[in-house]
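Open the model in your viewer and keep the selection tool at hand. The stops below go from one chain to the place where two chains touch, and then on to parts of the other chain.

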Amino acid sequence: MADIESDISLEETNRRRIEMGLRPIPVPDDAHMNSKLSSKEDATGLSQDESSLSLEETNRLRISLGLRPIPVPGDEGMGTSSTSAPAPDSDELALANWRAKYEAEKKSAELETTRKRIQKAKERIERLKYLDGRSLGEQDEDNVDDVRKWVKRSKKKVKISIPDDNDEQEEMRQYTAEDLKGLKVGHSLEDIMDGEDVILTLKDRNVLDDGDDELVSLALEEHAKAAQNIENRKRKGRYTGFEDEDALGEKKGILSRYDEDDESNKEFFTLDSEVISVGDVGSEKQKKLDAMNPGKIKVSLEVDLPPIGIIQDSSDYMPAEQIKIKKPKKSKKSKNSRKRASEEDDADGRNQDAEMVDYQPDVIEDDDEDLQALLSKQRRSLQKKRKAQFLTPEMLAQVIRDQSTEDTPVPEGDESGLVIDDMTEFVGNVGNSIAAEEEEERERKERLANSRRSATTPVKSESEDAAMTNHHEEGQVKPETEDVDDEEVSTTGLEGEPVLSSIGMGATLSMLRSRGLIKTPDEQDVERQRIQRENMKWRVSMAQHKARSELELRAQREADRKSGKYDKLTQKEREEAAQRENQMRQLGEAREAQKRFKDYKPEIKIEYKDEFGRVMGQKEAFKHLSHQFHGKGSGKGKTEKRLKKIEDERKKESSSLFS
Amino acid sequence: MIEVICNDRLGKKIRVKCLEDDTIGDFKKLVASQIGTAPEKIILKKSYTTFKDHITLADYEIHNGMSLELYYA
């Protein structure tokens, strides 16, 4: 459906607008014309129409009201000049702003660059301060300029240099303790005064570091480092829960074990010409020492001290034998008894060992590996010694003999005593059993023959046979049981087997009854049987009655047909009559049945049987029902158990006749 | 001058002549005079945006030939 656009003319719109008090819409095309017209009309005084309100008029009105006049397309130039004044103004303002900003930015950038330049220049000056004077190249340039100059100069240099050399040599010659004045030595005085020659060298330092030169001994330093390493190793292994605290509860730094020792902690002293001033930063002890003798300790640097100790070289490479102090050998006693000798030997070895061990702590205190090595070495030497002893054939023989006597202590009266242990018992048993078996074999044969002659029940004899074979296999002798068997065979026991072949039904029943396979009928059973019988009688009578009534019915129908009772009637009527008759008959029958059902006492017994035909008990029945209802049987274990139970029952029933 | 089309899709479609700097209230009056419904009962929408009375057409950027949805309160 296309909408019909309703539209009204501009004039109409304007009219309405004016009515509403709205500004009329200016009519562009007609503006001039209108104005002309209106002016004409004004001139003629024919302005009745509202819409003829000219644009100029409205504009005037609007201006008087303070409103914006409607733009007139004709004099746009004038309008633009007046109206578009603020817009370029703002543009200009923006431009001015931008320019100002641009200027400012430019200025700041310039400032920045100049500042940078100044800084660079300053830095350069700073750098060049160190390069004062002529560089090598500049000097060269000077020289290259003139050969003569260069020759002259070189001559001058030679002249000057000769006396210089002499001076230096003199200085070298005169380098004495005096020159060592004020030098610092980076070791404690104690270390150096050990009485050894110590070679001191200038310590390595950074070239640019400015400070006093320091003398150190490379050997001593390394020694100290090694000691430090050992110390570190000892410390590292241990873990205490309080890692960040010392033993005294002092706070340590993080992972202090890896910290290098501070330089400031090191002891040092300074050399004077003849006097050494001991300085110390770290240790308290040293300070105390200082306090005690305030005067400076005097050490002569010139004198070469001779070595004090006899200990030359306590290095790790020293052979262990040197420190091992050998025991003076005991004078061996005459070996009367070898045993004692060997014992003594042993003791000797042990003693030696102990003594050697005793020496260890003195020699090496802190290095476990060395200790172990030493110990092992001693052990080896001891073994060697022993071997050497045993090597002589006589001794070897003796030792072997000793060992044998020690190992198996054979008592003197060997044959007289009776020893009972597992072995003897076993052997004895074997012998006995063999004898017994032979005897038994004989007996069995006799018995077999007897039994065959007497012809007892074959089952029995067979079982006995089986038992006998069993015995035979076991190799075990049980004469008592055999005896019992014999007795059983000879005297019929309490549970003697009744012989069925020659007796009648009654006896069989009685036997079964006695076994519990058939129950004796009690009162309830009698009652039940009576009821059952009655029930049967009733059923029979019912069947008879039914048959009779059927016969009667047939006879009556036959009679009816013959009599032609229904011949006259139509089919429908005939059917109706038959129906009526049937109803009557059924009613009669029902009455009769009611009468007869008076003495109907059915026996009701609900039995639940499982899939094997077994009668289930209440519990079992319930369980079965439950399982069927939920569609979920019992688990594997329970099912197996039940099946086993059923099987057992069946077996029992089947085998109960003769067991 | 612009012309705005108002359609209520129930059979009324009008073309209204107006100025861009008219307020919506004025515009409603014009519409009301043209369709004969009270201006207070008119609701003008442009796709879920309901125009408010005190705002001009120009501010809503309503130009010549545009169509607005016309509803009645």
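Select chain B and colour it by burial: of its 73 residues, 32% count as buried. This is a predicted model, and the burial figure is computed from it by counting C-beta atoms, with a residue taken as buried if 20 or more others lie within 10 Å of its own.

Next, switch chain B to a cartoon view. One helix and five strands are there. Followed from the N terminus, the elements of chain B come in the order β-β-α-β-β-β. Now show the contacts within chain B. Of those between residues at least 6 apart in sequence, 56% join residues at least 24 apart.

Bring chain A back into view and select the residues where the two chains touch. On the side of chain B there are 14 residues, in contact with 15 residues of chain A. Which elements of chain B give two or more residues to this side? They are β1 (2-7), β2 (13-18) and α1 of chain B. Coloured by class, the residues on this side of chain B divide into six nonpolar, three polar and five charged.

Stay at the interface and select two helices: α1 of chain A, residues 10-20, and α1 of chain B, residues 24-35. Their axes come within 10 Å and cross at roughly 120 degrees. An angle of that kind falls outside the ranges for roughly parallel, antiparallel or perpendicular, and α1(A) and α1(B) are therefore oblique to each other. The crossing of α1(A) and α1(B) is right-handed. Show side chains to see who makes this contact: α1(A) supplies Thr13(A), Arg16(A), Arg17(A) and Met20(A), while α1(B) supplies Lys29(B), Leu30(B) and Ser33(B). By class, two of the residues in this contact are nonpolar, two polar and three charged.

Now move along chain A and select residues 571-596, which form helix α19. At 1.5 Å a residue, its 26 residues should span 38 Å, and a distance drawn between the end C-alpha atoms gives 37 Å, which agrees. Is α19(A) largely buried or in the open? The number of buried residues in α19(A) is zero, so this helix lies largely in the open.

For the last stop, select Gln618(A), which is found in helix α20 (residues 618-630) of chain A. Gln618(A) is exposed, with 8 other C-beta atoms within 10 Å. Then add Glu607(A), 11 residues away along the chain; the C-alpha atoms of Gln618(A) and Glu607(A) are separated by 9.4 Å.

Methods:
Residues are numbered from 1 along each chain as its sequence is written. Chains are lettered from A and ligands numbered from 1 in the order in which they are written. This is a predicted model: local features need pLDDT of at least 70, side-chain atom pairs count only at pLDDT 80 or more; totals for chains, interfaces and linings use all residues. Axes are lines fitted to C-alpha atoms, for helices over the stretch in contact, and angles run from 0 to 180 degrees between N-to-C directions. Helices (H or I, at least four residues) and strands (E, at least two) are DSSP runs, numbered from the N terminus. Angles under 35 degrees count as roughly parallel, over 145 as roughly antiparallel, 65 to 115 as roughly perpendicular and the rest as oblique. A crossing is left-handed if the near helix is turned anticlockwise from the far one by less than a right angle, and right-handed if clockwise. Two residues are in contact if their C-beta atoms, placed from the backbone, lie within 7 Å. Ala, Val, Leu, Ile, Met, Phe, Trp, Tyr, Cys and Pro count as nonpolar, Asp, Glu, Lys and Arg as charged, and the others, Gly among them, as polar. The expected span of a helix is 1.5 Å times one less than its number of residues. A residue is buried if 20 or more other C-beta atoms lie within 10 Å of its own, exposed if 12 or fewer, and partly exposed in between; C-beta atoms are placed from the backbone.
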